[in-house]
Amino acid sequence: MTKLSSIMDTNAFRADSPAASVTEQTLDLTRRRSRLLGPAYRLFYSNPVHLVRGEGAYVWDADGRKYLDIYNNVVSLGHGHPAVVEAVHRQMQTLNTHTRYLHEAILEYADALLATMPRPATGTGLEHVMFQCTGSESNDLAIRVARAATGNRGVIVTTEAYHGATDLTAQVSPSLGSNVQVGDFVRLVAAPDFYREGPAAGSRFAADVTSAARELAEAGHGVAALLIDSIFSSDGVHAGPNGFLQEAVDAVHSAGGLFVADEVQPGFARTGEAFWGYARHTADADIVTTGKPMGNGIPVAGMIARPDVLEAFASRFPYFNTFGGNPVSIAAAQAVLDTLLQENLQERALKLGGRLVDELAALAERHECLGDVRGAGLFIGVEIVTDRDSREPDKALALRVIDEMRELGVLTSVAGPGGNVLKLRPSFAYGDGDIDWFVGALDRCLRTLAG
């Protein structure tokens, strides 16, 4: 049986059976899109949204309706942030080219970015950064670097992981569905689910990593890397207690592999408790990958590595990425980093995220279908269940919730193997009024749908 993609198909428009609320104008646009772009793309919601403008935490559709965006972590500073707009505009007027010419901006940014990385208690820290355009490219390169450093091929990922859309990263992204074949060099482990497993989830996860590494060795692949998103966003947002990942990191190191922290989603201060999501647990990352919010919407990504880890790859393979690290993208990235640090947005994420979790926990006392509220900073998962005793995922209700929230003017989506976890990633532009808007809308939504 074909497994649908948990990140692409779960909350997707169905052209063959559109919702009754879809207008003829929207249908015309979807038909034109399919004709021109082909059928592989997916749209959010049974009634797709036609967006034309964004500012801060909000977006507007073609009819002028305002929406609260609590899902899009690409523009983490907020839509149309003036510092990014100005930096891109200024640099675009001056110069844009590739990285085979000398340019100060890329060096200044690299220096500033590396300064944010935690340093391990012993050994070498993360001291080299290589630039790409997307997180997919960053993770692709990270796997190649890990293989060169270890002499092994195997990669361990979680069962609902998403790490990219290149051929190599798609093979380590089981959330893309069963039509995208997971590589024979890949072993899957279930994400740590503290809601269902309790305090033992971290140790169970580490034991599974050890078993997966053993299987890879027996299959002749060896283990090159444990590649994980430290907040397990596609697996249903499992922040867990600080430090629990260290046991799994130690396990992969003992097996001869590297720990690759995919920070595309939890990085850049979003989790509040640390500037990098993995730093909530360990300073022992061997490679870190970034993307999406790094340029607040401008395509820029990075792979950061220890010098000893990068050496084997760099001594054998020259690397070049035409648009990776171009001056315009670097200008955007510098503006994002400067804003995060100068405005202390990590602390803001911690404060606002804490308030949002508290408000949602209070809401859960009135709605039995809200089984768990969890997260770190401005990265939160809300589990929708059939009942709290069984903790059975209620995918059908979750999908109705996100569609109804869209009608109420709030945009979000779902994650997790059960497709039942509301995935909330507010931008740093959020304020207390936006939290009130979201929680109030969710309350009305659940009263309507679940009673």
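These legends walk through a predicted model, from the whole chain down to a handful of close-ups. Local features need pLDDT of at least 70 and side-chain atom pairs count only at pLDDT 80 or more, while totals for chains, interfaces and linings use all residues. Residues are numbered from 1 along each chain as its sequence is written, and side-chain values use heavy atoms, with hydrogens and water left out.

**Figure 1. The whole protein chain, with its 13 helices and 15 strands.**
Helices (H or I, at least four residues) and strands (E, at least two) are DSSP runs, numbered from the N terminus. The C-alpha trace spans about 60 × 55 × 45 Å along its principal axes. A compact globule of 451 residues would have a radius of gyration near 22 Å, and the 21 Å of this protein chain agrees with that. That radius is taken over C-alpha atoms, and the globule rule is 2.2 Å times the number of residues to the power 0.38. Buried residues make up 54% of the 451; here buried means under 20% relative accessible area, exposed over 50%, and partly exposed in between (1.4 Å probe, protein chains only). Take the contacts (heavy atoms within 4.5 Å) with a separation of 6 or more: 73% of them join residues 24 or more positions apart.

**Figure 2. Surface and charge of the protein chain.**
The accessible surface comes to about 18800 Å², and carbon and sulfur atoms hold 51% of it. Areas come from the Shrake-Rupley method with a 1.4 Å probe; for residues, only the protein chains shown count as cover. As for charge, there are 39 positive and 54 negative side chains, and the centres of the two sets lie 4 Å apart. Lys and Arg count as positive, Asp and Glu as negative, with His and the chain ends not counted. Each charge is placed at NZ of Lys, CZ of Arg, CG of Asp or CD of Glu.

**Figure 3. R196 and its salt-bridge network.**
A salt bridge here is a side-chain nitrogen of Lys or Arg within 4 Å of a carboxyl oxygen of Asp or Glu, and the count by that rule is 22. R196 pairs with D193 at 3.1 Å, N to O, and with E383 at 2.5 Å. The E383–R196 pair ties together parts that are 187 residues apart in sequence, because E383 lies in strand β12 (residues 379-384) and R196 in helix α6 (residues 194-197). Both acids are on the covered side of the cut-off: D193 is buried at 13% relative accessibility, and E383 is buried at 2%. R196 itself is partly exposed at 35%. The network as a whole links D193, R196, D372, R374 and E383.

**Figure 4. The salt bridge between D443 and R366.**
The closest N and O atoms of this pair are 3.4 Å apart. D443 sits in helix α13 (residues 432-449) and R366 in the loop between α11 (345-364) and β11 (370-376), so the bridge links distant parts of the chain, 77 residues apart. D443 is buried at 14%, whereas R366 is exposed at 53%.

**Figure 5. D235 and F232 in the loop between β7 and α8.**
Which residues does D235 touch, not counting those up to four places away in sequence? They are T158, T159, E160, A161, A191, G416 and P417. D235 is buried, with a relative accessible area of 5%. F232 shares the loop between β7 and α8 and is buried at 1%. Its phi is near 50°, a positive value in a residue other than glycine.

**Figure 6. H253 in helix α8.**
H253 is partly exposed at 31% relative accessible area. Leaving aside neighbours within four places in sequence, H253 contacts L258, F259, D284 and D286. V223 is 30 residues away in sequence and 9.4 Å away in space, C-alpha to C-alpha.

**Figure 7. F275 and F268 in the loop between β8 and β9.**
F275 is buried at 10%, and F268 is buried at 1%. Beyond four places in sequence, F275 touches F268, T116 and L337, among others. F268 has a positive phi of about 60° although it is not a glycine. The C-alpha atoms of F275 and A191 are separated by 22 Å, with their positions 84 residues apart along the chain.
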